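User: I am new to reading protein models and would like to understand how the helices and the interior of this one fit together. Could we go through it in questions and answers?

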Amino acid sequence: MTDLPVLILGARSDMGQAIAHAFAAQGHPIQLAARNAAGLDAVRADLALRHGVEVTLHDFDVLDSDGFAPFLDSLPALPQVAVSVVGYMGEQAENEQDLDKASLVLRSNFEGPAGILALLANRFEARGSGTLVGVSSVAGDRGRATNYVYGSAKAGFTAFLSGLRNRLAKKGVHVVTVLPGFVNTAMTEGMDLPEKLTAEPQEVGGAVLKAVQKGRNVIYVRGIWWLVMAIIRNIPEPVFKKLKI
């Protein structure tokens, strides 16, 4: 259904824009949502010119839960696909010591994205169609000392998406969980990332598009991550406590 738009929540991110391009290339109108959305006008113009689709900008703050319903009411059309790419990693060392910073990570990666998708789920259910896509993280597959605040938020989001998918399975609404692994974006700039485990934003965009088209449930953008995380999840706890991963 290319006549109904695709909503990108977190459109300022590299992954969000890559996903927008993937859907726009298929003829979908695009709704770009982010804080200070007017600053994305160049992105809007590029998408519209390159793909010949309508692209609109919408202010959205994932930390402002009171504004979620008015935000959805303000959209020119209820989207057919809504993708949440919202995320904030922070620094683990700071998150351990500062509850406000830890709270920001939890709200940005779990509470906020879950809240807006919950409202969209209700509207999609009432209509009887639509797809919700949540970009979570392999960090949520098992808590690790190096990023357990961020990882716990993503674990919560992954569980939320799973429950939402189960609830809506017979309501005409599909829910996709995306686990990208490492992605070469501004968030990971400066990190020493292994090449075979690191995807490009365009790779994520293509994977999300394919998952929506084929009705996939949970996807690892690079299949090798399924094996990596299966191994990590199954390391016995006495051994796991001794590791630094």
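User: Which residues of α1 are buried?

Analyst: This is a predicted model, and in it α1 is mostly covered, with nine of its eleven residues buried. Buried here stands for under 20% relative accessible area. The residues of α1 that meet this condition are Met15, Gly16, Gln17, Ala18, Ile19, Ala20, Ala22, Phe23 and Ala24.

User: Is α1 roughly parallel or oblique to α2, and what is the reason?

Analyst: Two packed helices are described by the angle between their axes and the distance between the axes. The axes of α1 and α2 come within 10 Å and cross at roughly 25 degrees. Because angles under 35 degrees count as roughly parallel, this crossing makes α1, with respect to α2, roughly parallel.

User: Which residues of α2 make the contact with α1?

Analyst: The crossing in which α1 passes α2 is right-handed, and on the α1 side the contact is made by Gln17, Ala20, His21 and Ala24. By class, this contact of α1 with α2 holds four nonpolar, three polar and two charged residues. On the α2 side the residues are Val43, Asp46, Leu47, Arg50 and His51.

User: Is α1 oblique or roughly parallel to α7, and why?

Analyst: The axes of α1 and α7 lie 8 Å apart, and the two helices pack at an angle of about 50 degrees in a crossing that is right-handed. Since angles under 35 degrees count as roughly parallel and those from 65 to 115 as roughly perpendicular, an angle of about 50 degrees belongs to neither class. The arrangement of α1 relative to α7 is therefore oblique.

User: How many nonpolar residues does the contact of α1 with α7 have?

Analyst: From α1 the contact takes Asp14, Met15, Ala18, Ile19, Ala22 and Phe23, while α7 contributes Pro201, Gln202, Val204, Gly205, Gly206, Val208, Leu209 and Val212. Sorted by class, the contact of α1 with α7 has three polar residues and one charged residue, and the number of nonpolar residues is ten.

User: What separates the C-alpha atoms of Leu209 and Gln26?

Analyst: Leu209 is found in helix α7, and because its relative accessibility is 10%, Leu209 counts as buried. Leaving aside residues up to four places away in sequence, Leu209 touches Ala22, Phe23 and Gln26. Leu209 and Gln26 are 183 residues apart along the chain, yet the separation of their C-alpha atoms is 9.2 Å.

User: Which residues touch the most other members of the largest nonpolar core?

Analyst: In soluble globular proteins, nonpolar side chains tend to be buried together. The largest nonpolar core here has 34 residues, and the elements giving two or more residues to this core include α1, α2 and α7 as well as strands such as β1 and β2. One core member, Ile8, touches Gly16, Ile19, Ala20, Ile30, Gln31, Leu32, Ala33, Val83 and Val85, not counting residues up to four places away in sequence. Those that touch the most other members are Ile8, Phe23, Ile30, Leu32 and Val83.

User: How do the residues of the contact of α5 with α6 divide by class?

Analyst: Helix α5 (residues 99–127) and helix α6 (residues 148–168) pack at an angle of about 10 degrees with their axes 8 Å apart, and α5 and α6 are therefore roughly parallel to each other. Among the residues that meet are Phe110 and Leu117 in α5 and Phe157 and Leu161 in α6. By class, the residues of this contact divide into 17 nonpolar, four polar and three charged.

Key: Residues numbered from 1 in each chain as written. Predicted model: local features only at pLDDT ≥ 70, side-chain atom pairs only at ≥ 80, totals over all residues. Heavy atoms only, no water. Core = buried A, V, L, I, M, F, W, Y, C linked by side-chain atoms within 4.5 Å. Buried < 20%, exposed > 50% of the residue type's maximum accessible area, 1.4 Å probe, protein only. Helix = DSSP H or I, 4+ residues; strand = E, 2+ residues; numbered from the N terminus. Contact = heavy atoms within 4.5 Å. Axes fitted to C-alpha atoms, helices over the stretch in contact; angles between N-to-C directions. Parallel < 35°, antiparallel > 145°, perpendicular 65-115°, else oblique. Left-handed = near helix turned anticlockwise from the far one by under 90°. Nonpolar A, V, L, I, M, F, W, Y, C, P; charged D, E, K, R; others polar.
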